[in-house]
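User: Please take one part of this model and look at it closely, moving outward from a single residue to the surroundings that it belongs to. I would like one connected account rather than a list.

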Amino acid sequence: MTTAWIVVAVLFVGTASMRAAGPVAFGGRSLSGRGAAVVALVAPAILGALVVYETVSAGGSGIELDARLVGLAAGALALVLRLPLIVVVLAAAAATALARLL
Amino acid sequence: MDEHSNVSAGMRAGLPLLLPTLALGVSFGVLARPVMGPAAPIAMSILVFSGAAQFAALSVLAAGGGALAAITAGMLMNARWLPMGFAIGPSLRGGPLARAAQGQTIVDASFVIASRGDGSFDRGLLMGATAVQGVAWVSGTVIGVLAGPVLGDPGSLGLDAIFVAFYLALLIEEARSRRAVVAGLAGAAIAFALMPFTPPGVPIIAASLAALVGLRSA
């Protein structure tokens, strides 16, 4: 149990520092044109990675193809049909649950 | 700009994540209790508040790994707060301490919700969306720790796929320019290429390098 508390304490300090570093270093500055152009693309770059990661992650490292792919397809279809976001996410969950049942 | 109304708008934007975040918190509580005891997982969800880092550290501990290995796995997942913090920093106001405190509200979904697409971020949206997820994450963990054995597997409801669809929806919304599309696709490709070979967390950090396509003049 002591191990667990050490992990909690160190990750608390570590996570808080990581989240604070950027805002402390760059707060209130205005970025140059190129800097702003790069910063504007961090969100789409990380999002592209997160879609892939959440769809095929095997938990640790490695890739696992499973029912989440069906959920991704259902979500994409709902997005193409321009359905509201809540319908999009529920369609993905329902399709995934159904695929796991079959 | 009316900051207060933006916080409410952020809460509304984070609402679709309430249930899946709760479910994810429940699964963390269920899985963590036998490994970490009842109190440490709850403290972790309050203090660390990073699903990816917590699951990464937990999977190391559950496999019999030591504290150092668990911390390393968690910190690798956490390293992506660095590029995200560098991106969001210029949009935060106040002294260094105030900005450091605001930085604690950076989580994946809120970061994207708060992004205006021009390199600036709306901190009201950021905080509102994070508040919803924070409440759901901590309550979910408590429920999981207390009621774990009777709940079963949240995965059978397909709730894990909600994140997939949610991030895809945000990505399509973000992909307003040609360069954003390129950055998104490059990020996805980098993550996919690295996932089989690298520890968890590395693919996401490496994917943020795709933002460097912004250096090419438009």
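Analyst: Phe49(B) is a good place to begin, for it is buried, with 21 other C-beta atoms within 10 Å, and everything said about it here refers to a predicted model. The residue sits in the loop that joins α3 (39-47) to α4 (51-62) of chain B, and its backbone has a positive phi, near 50°, although the residue is not a glycine. As background, most residues other than glycine have a negative phi. Another non-glycine residue with a positive phi, of about 60°, is Arg82(A), which is likewise placed in a loop, between α4 (68-80) and α5 (85-101) of chain A. The surroundings of the two residues are classed in opposite ways, because Arg82(A), with 7 C-beta neighbours inside 10 Å, counts as exposed, whereas Phe49(B) counts as buried.

Let us now step back to the helix before the loop. Phe49(B), with its positive phi, follows α3(B), and the buried residues of that helix are Ala40(B), Pro41(B), Ile42(B), Met44(B) and Ser45(B). Across the chain boundary, α3(B) packs against helix α1 (residues 2-26) of chain A at an angle of about 5°, with the two axes 10 Å apart. The angle falls under 35 degrees, and α1(A) and α3(B) are therefore roughly parallel to each other. On the chain A side, the contact is made by Ala4(A), Trp5(A), Val8(A) and Phe12(A), and α3(B) contributes Ala40(B), Ala43(B), Met44(B) and Leu47(B). Sorted by class, this helix contact has eight nonpolar residues, with no polar and no charged ones. Ala40(B) and Met44(B) thus appear both among the buried residues of α3(B) and among the residues that this helix brings to the contact with α1(A).

On the other side of the loop is α4 of chain B, where Leu58(B) is found. Leu58(B) is buried, as 22 other C-beta atoms lie within 10 Å of its own. Once residues up to four places away in sequence are set aside, it touches Leu31(B), Ala32(B) and Val35(B). Between Leu58(B) and Ala73(B), 15 residues apart in sequence, the distance in space is 9.1 Å from C-alpha to C-alpha.

Helix α2 (residues 18-36) of chain B holds Pro20(B), a residue that counts as buried with 26 C-beta neighbours inside 10 Å. Beyond its neighbours up to four places away in sequence, Pro20(B) touches Leu159(B), Ile162(B) and Phe163(B). Its C-alpha atom is 7.0 Å from that of Asp160(B), although the two residues are 140 places apart in sequence.

The helix pair described above can also be set within the meeting of the two chains as a whole. There, 93 residues of chain B are in contact with 69 residues of chain A. On the chain B side, helix α10 (residues 160-174) gives the most, with 14 residues. The residues on that side divide into 64 nonpolar, 21 polar and eight charged.

The assignment divides chain B into domain 1 (3-157) and domain 2 (175-218), whose centres, taken over C-alpha atoms, are separated by 22 Å. Eight residues of domain 1 are in contact with eight residues of domain 2. The largest share of the domain 1 side, three residues, comes from helix α5 (residues 67-78) of chain B, and that side as a whole is made up of six nonpolar residues, one polar and one charged.

One last feature brings chain A and the domains of chain B together. The largest nonpolar core has 107 residues, of which Ala49(A), Ala92(A) and Ala57(B) touch the most other members. Domain 1 and domain 2 of chain B both give residues to this core, so it lies between them. Leaving out its neighbours within four places in sequence, Ala49(A) has contacts in chain B, including Gly187(B), Ala188(B), Ile190(B) and Pro203(B). Ile190(B) is also a contact of Ala206(B), which touches Leu194(B) as well when neighbours within four places are left aside. Ala206(B) belongs to helix α12 (residues 202-207) of chain B, and it counts as partly exposed, with 19 C-beta neighbours inside 10 Å.

Technical notes: Residues numbered from 1 in each chain as written. Chains lettered and ligands numbered in written order. Predicted model: local features only at pLDDT ≥ 70, side-chain atom pairs only at ≥ 80, totals over all residues. Core = buried A, V, L, I, M, F, W, Y, C linked by C-beta atoms within 7 Å. Buried ≥ 20, exposed ≤ 12 C-beta atoms within 10 Å, placed from the backbone. Domains from an automatic or database assignment. Contact = placed C-beta atoms within 7 Å. Helix = DSSP H or I, 4+ residues; strand = E, 2+ residues; numbered from the N terminus. Nonpolar A, V, L, I, M, F, W, Y, C, P; charged D, E, K, R; others polar. Axes fitted to C-alpha atoms, helices over the stretch in contact; angles between N-to-C directions. Parallel < 35°, antiparallel > 145°, perpendicular 65-115°, else oblique.
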